[in-house]
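Here's a quick tour of the empty spaces in this protein, with a short stop at one strand along the way. Have a look at the model first.

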Amino acid sequence: MRTMKKLTAVLAASTLALAGCAASDPLDTDDGDNGGDNPGAITIGSADFAESQILASIYALALTDAGIEVEERSNIGSREVYMLALQDGSIDLVPEYVGALLRYVDTESTETELEDVLPALDEHLPEGIVYLEPSDAANSNALAVTADTADEYGLETFSDVTPHAGEWSIGGPPEWEQRQNGIVGLRDVYGMEFNEFVALDAGGPLSLSALENGQVEVANIFTTNPVLAEGGIVALEDDESLFAVENVTPVGSEEALSQEAIDVLNSISEQLTTEHLIELNQLSDDGAPIEQIARDWIDENLS
């Protein structure tokens, strides 16, 4: 277990940026207490997309199976929201992706490989927050286009998009417009200056629909999205390595996580694979309930 150091100024800036929307903060409660109802429980949060919610449910069910009390706060929002919730104690644990987390806390980071990303996290994450053993499972950001667009313009890599960006629209989650791990990095690393940014979702149905109906020519998509296996949507190669490795790892409060809880969470990471993520996402796309998806994975892999 690695204990992290003090948070950089980026979190202070994020706090100010989010202050104006506090009224809609999903963690707000009527009594103003953002903490869990049971102070002895581990409060588990998740981001606003299905894969994160499934992973959080796996954490919650496995910890419960081990006799550890948990509370769940699913679908909190983007990293800009849930990392602040982790900081202020509103939640104690969240599934995370190591590369994107590093780019969030250190916007100047250039590390892309796991052996470099983890020491950088040691340096830049806040004191009292720990990341546990990263899993082999990884889910990276990618730029996606339709197969027809790829064929028409000969697109195979991110660099192939640059000459066309000025005439094209790109879609992604709203926070992507301001992220180094997003539009800012695409401009700085690849020279992409898109005609328009369209706020959609985090690689979900809105993004896919926008690609398919021509609302955007390019969209952010996750590499574990099952649609990539169907052939109609193509993920391009990040040939300048803008996006870092994105191994899944539990991130949480050192104070809230007992050694027993850490052992349970590490056992999940030991079993989780990228192929599992694709399968879990497919089940979600097919309409299976998240808790049932999580329970079935635990029964198959941890029993």
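This is a predicted model, so let's start with what surrounds its largest pocket. Sorted by class, the pocket lining is made up of eight nonpolar, seven polar and five charged residues. The pocket itself has a volume of about 400 Å³. Its lining counts 20 residues, and the ones closest to the centre are Gly-203, Gly-204, Pro-205, Asn-225 and Asp-285. Three helices each give two or more residues to this lining: H2 (50-65), H8 (205-212) and H10 (274-285). The biggest giver is H10, with three residues.

Now for the closed-off kind of space. How many cavities of 30 Å³ or more does the structure hold? Just one. About 240 Å³ of space lies inside the largest cavity, and 23 residues line it. Nearest its centre you'll find Phe-49, Arg-79, Asn-141, Arg-179 and Phe-222. Helix H3 (79-88), strand S4 (93-97) and strand S9 (218-222) each give two or more residues to that lining.

Here are the two linings by class:

| Lining | Nonpolar | Polar | Charged |
|---|---|---|---|
| Largest pocket | eight residues | seven residues | five residues |
| Largest cavity | ten residues | eight residues | five residues |

One last stop: Ala-199, which sits in strand S8 (residues 196-199). Which residues does Ala-199 touch, leaving aside its neighbours within four places in sequence? They are Gly-172 and Pro-174. Ala-199 and Pro-174 are 25 residues apart in sequence, yet their C-alpha atoms are 4.8 Å apart in space.

Note on methods. Residues are numbered from 1 along each chain as its sequence is written. This is a predicted model: local features need pLDDT of at least 70, side-chain atom pairs count only at pLDDT 80 or more; totals for chains, interfaces and linings use all residues. Side-chain values use heavy atoms; hydrogens and water are left out. On a 1 Å grid over the protein atoms alone, a cavity is a set of points where a 1.4 Å probe fits but cannot get out, and a pocket is an open set with protein on both sides within 12 Å along at least five of seven lines; lining residues have an atom within 4 Å of a point. Grid points are joined across faces, edges and corners, and a volume is the space filled by probe spheres set on the points. Helices (H or I, at least four residues) and strands (E, at least two) are DSSP runs, numbered from the N terminus. Ala, Val, Leu, Ile, Met, Phe, Trp, Tyr, Cys and Pro count as nonpolar, Asp, Glu, Lys and Arg as charged, and the others, Gly among them, as polar. Contact means heavy atoms within 4.5 Å.
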